[in-house]
Amino acid sequence: MSVLETSRELIRHSYYRYEFATVAVTHSLFALEHVLAERLAVNEPLHDLIERATGTGLITAGLAAELDHCRLLRDNLQQGAESSAALRPIQAVAMVHAVFDAVSLLLRPPSAPEETAAGVGGVQPQGGLARLWEDHLRALFPDGFRGVDFDGVDLVLLDADVAGLVQKELNGGLDDLGIANLWGCITDLDKVVPLINEEYCASYFTKLRTMAQAAVAPYIPTAA
């Protein structure tokens, strides 16, 4: 998760320094390769790991093709056939998100009865936010909406921002800047969700908004 967070931040900075877009993609492959090797219990080159995961149904053929595109970029960089200016930021956003999708699928926990997941009295051991986060990890980003923005809000970056802030809340809590940033994301979600006219995409970002609200809820003062 640290590698993926770094890749996301490199994407942000790539709008100021374009070379970081290519670095973001190649850096994200460290996480992909690690998770693939762990899930498949083999130590092989990334190309073979992607093929194995596709053959066993862990990832789709379409997603495998996107991942292989990322791998080829890395290989070309190593061989000197490409430079670190090979990608524009918008291209890197789509490629890094493909890696996020793959890691999400590979880390998907096995389904279990609700009684096992629930604590005493049906309360989740880590609270409602943990369950919302698990559901988010299982959901794939809406197909066809990478690189799309509504009213100046890039959907991929908004999704990544909320995910990063929710992780921080689950891993120890948000600081003042994180809380402010999360409120900014909620404002953007309130702006874009009514503009989305595709059912799955609208549902995805509505659930993202619910998760963001759950993450910021502890910091809302209670009424006297």
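The expected span of a helix is 1.5 Å times one less than its number of residues, and that rule is useful at the opening stop of this tour, which moves through a predicted model.

**Helix α4**

Select residues 61-79, which make up helix α4, a run of 19 residues whose first and last C-alpha atoms lie 26 Å apart, close to the 27 Å expected at 1.5 Å a residue. Now colour the buried positions of this helix, which are Leu63, Ala64, Leu67, Asp68, Cys70, Arg71, Leu73, Arg74 and Asp75. To see what these buried residues pack against, add α2 (19-40), α3 (46-55) and α5 (89-106) to the view. Before leaving, step just past the end of α4 to glycine 80, where the backbone takes a positive phi of about 80°.

**Helices α8 and α9**

Next, display residues 155-170, helix α8, together with residues 176-192, helix α9; the two pack at an angle of about 140°, and their axes are 10 Å apart. The crossing in which α8 passes α9 is left-handed. With side chains shown, the contact can be followed from Leu155, Leu158, Asp161, Val162 and Leu165 on α8 to Gly178, Asn181, Leu182, Cys185, Asp188, Leu189 and Val192 on α9. Sorted by class, the residues in this contact of α8 with α9 are eight nonpolar, two polar and two charged.

**The aromatic rings**

For the last stop, turn to the aromatic side chains, which form four aromatic pairs in the structure. Select phenylalanine 141 and phenylalanine 205, whose rings meet edge-to-face, with 5.9 Å from centre to centre and 85° between the planes. This pair links distant parts of the chain, as phenylalanine 141 sits in the loop between α7 (127-138) and β1 (149-150), while phenylalanine 205 belongs to helix α10 (residues 199-216), 64 residues apart. Phenylalanine 141 counts as buried because its relative accessibility is 4%, under the 20% cut-off; phenylalanine 205, with a relative accessible area of 0%, is buried as well.

Keep phenylalanine 205 selected and add tyrosine 204, since these two rings form another edge-to-face pair, at 5.2 Å centre to centre and 65° between the planes. Is tyrosine 204 buried or exposed? Tyrosine 204 is buried, and so is its partner, phenylalanine 205.

Finally, show Tyr200 alongside the rings already on screen: ring pairs link Phe141, Tyr200, Tyr204 and Phe205 into a cluster.

Note on methods. Residues numbered from 1 in each chain as written. Predicted model: local features only at pLDDT ≥ 70, side-chain atom pairs only at ≥ 80, totals over all residues. Heavy atoms only, no water. Phe/Tyr/Trp six-rings, centres within 6.5 Å; stacked < 30°, edge-to-face > 60°. Helix = DSSP H or I, 4+ residues; strand = E, 2+ residues; numbered from the N terminus. Buried < 20%, exposed > 50% of the residue type's maximum accessible area, 1.4 Å probe, protein only. Contact = heavy atoms within 4.5 Å. Axes fitted to C-alpha atoms, helices over the stretch in contact; angles between N-to-C directions. Left-handed = near helix turned anticlockwise from the far one by under 90°. Nonpolar A, V, L, I, M, F, W, Y, C, P; charged D, E, K, R; others polar.
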